[in-house]
Each structure stands twice: as C-alpha cells, then as structure tokens.
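Please walk me through this structure, beginning with the empty space inside it and moving on to the packing and the charged pairs.

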Amino acid sequence: LELLAGQPLVRHAAQALAQGGAAPLLCVVPPGEVGEGVRAALAGLPFTFVVNPDPARGLASSFRVAVDALPAGLAGAHFALADMPLLTGAHHAALLGAFRETGAPVVLAEYADPGAAHVRAPPHLLRADLLRAVAATPDADHGPRDLIRAHAAQAVTLTFAARLLLDVDTPAGLAQAEALLTAAGPVPPTS
C-alpha cells in the first residue's frame, strides 16, 4: 500500500488492467487489514474481491483462489501482479488482443531490450480449458510455470521493454519506479 506518484502502488497496476479491456476484474487480497487497505486503494475501480485465506502458501495459492472465484463461461483468464506498476492499459490490451485474435492456449509477456536476453514474466493469459490445471498447481512462490512450459510451443508471446519488468518489492524498487515514472512516463507495447 506504499504510495507511488501520489497513489497506492496497487492502484497503478489495477488501473492499467481495467484500462486494458479485460472483464470481469477480480482482485485476490490477503485477509485482514492489508486486504482491507487494498480494497480501499481500489475504490471506484470495477473489481470484485476474493480473499486468499493463507497467502503464506505462496503466489500459486492466489492463482488457485482466483481460478476458484472466476465465473463460468469465460474464454480465459488474464493474470497480472499488483507490484508491476509500469505496465499500462495498452500493454494489457495488446495481450488481450493477441488472445482474442489467435485463440492460443497461453499468451505470454516477455521483457527485453534490443539484443538482450528475454525474461518471461506476468501478465499472462490462459485459455479457459487450462484453468483446471491452475487450480491443481501445488504451493509455490510462483505461478503455473509447469503449465506454461507445457504449452510453450503453442503460446503467443509479446515482447515489452525491459524496464517494464520492474517488480516493486523493496524500498529501492519503489524509488526506481518513482524515478522511471517521473522521467519517462509510460512506455507503449513494443511488439
């Protein structure tokens, strides 16, 4: 719930996701005071909230909670993280557009600068027929890596600028995000 550019960090990621065109929007929150703080930070945005009763079991537990709370009849699910504030609605829209255009089982984001090694990281979109496997993912501090690897040959991957990979987990990361937002502003999708 730290502030970034005058608003809660989580609100940056949530606004970008909302502007990207995905619906319905679901936010997994921890129980208690922090979860209530996230709800307050996202006031006015079109999110439904679901509580992960045991977030200490790792990120995979939040994926499972999300999948269990999704309404029936969706074509897929778009998974994003609250601590990646440099992604914009345009990035999310590009991923969603690739999913809608191709019907790929997985649409992935990767991050790199020209000539540099690519790093795969969220957000990712998974087709609805894969969500049961997400619900069966064991406890881990990452998402459904094995499922993504299993469908990598059929995946569509979009590459974004390396700076967008910034994952704000520390005060130094928060300061870096503040500097990047102030200096350059948002970066549009690159491919």
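A cavity, in the sense used here, is a set of grid points where a 1.4 Å probe fits but cannot get out, and its volume is the space filled by probe spheres set on those points. With that in mind, and remembering that this is a predicted model, a search of the whole structure finds one cavity of 30 Å³ or more. The largest cavity holds about 30 Å³ of space. Its lining is made up of Ala13, Ala80, Leu81, Met84, Leu87 and His92, a set that divides into five nonpolar residues, one polar residue and no charged ones.

From the cavity we can turn to the packing of nonpolar side chains. The largest nonpolar core has 35 residues, and those that touch the most other members are Leu42, Phe47, Leu95, Val107, Tyr111, Phe160 and Leu164. Several helices and strands contribute to this core, with at least two residues coming from each of α1 (9-19), β3 (25-29), α2, α4 (89-102), β6 (106-111), β7 (119-127), β8 (156-160) and α7 (171-183). Apart from this core lies another one, of 14 residues, which includes Leu108, Leu130, Val134 and Ala155. To follow one member of the 35-residue core in more detail, take Phe47: leaving aside residues up to four places away in sequence, Phe47 touches Ala14, Leu17, Leu25, Leu26 and Cys27.

The charged side chains add a further layer to the picture. Side chains of opposite charge can pair when their charged atoms come close. How many salt bridges does the structure hold? There are three, and they can be taken in sequence order.

In the pair formed by Arg39 and Glu36, the closest N and O atoms are 3.6 Å apart. These two residues are separated by about one helical turn because they stand three residues apart in helix α2 (residues 32-41). Arg39 has a relative accessible area of 29%, and is therefore partly exposed.

The next salt bridge joins Asp129 to Arg127, with 2.5 Å between the closest N and O atoms. Here Arg127 counts as partly exposed, its relative accessibility being 27%.

The remaining salt bridge links Arg149 with Asp146, whose closest N and O atoms lie 2.7 Å apart. Both residues belong to helix α6 (residues 145-150), where they are three residues apart, about one turn of the helix. Since residues over 50% relative accessible area are classed as exposed, Arg149, at 53%, counts as exposed, and Asp146, with a relative accessible area of 58%, is likewise exposed.

Key. Residues are numbered from 1 along each chain as its sequence is written. This is a predicted model: local features need pLDDT of at least 70, side-chain atom pairs count only at pLDDT 80 or more; totals for chains, interfaces and linings use all residues. Side-chain values use heavy atoms; hydrogens and water are left out. A salt bridge is a side-chain nitrogen of Lys or Arg within 4 Å of a carboxyl oxygen of Asp or Glu. Helices (H or I, at least four residues) and strands (E, at least two) are DSSP runs, numbered from the N terminus. Buried means under 20% relative accessible area, exposed over 50%, partly exposed in between (1.4 Å probe, protein chains only). On a 1 Å grid over the protein atoms alone, a cavity is a set of points where a 1.4 Å probe fits but cannot get out, and a pocket is an open set with protein on both sides within 12 Å along at least five of seven lines; lining residues have an atom within 4 Å of a point. Ala, Val, Leu, Ile, Met, Phe, Trp, Tyr, Cys and Pro count as nonpolar, Asp, Glu, Lys and Arg as charged, and the others, Gly among them, as polar. A nonpolar core is a set of buried Ala, Val, Leu, Ile, Met, Phe, Trp, Tyr and Cys residues joined through side-chain atoms within 4.5 Å. Contact means heavy atoms within 4.5 Å.
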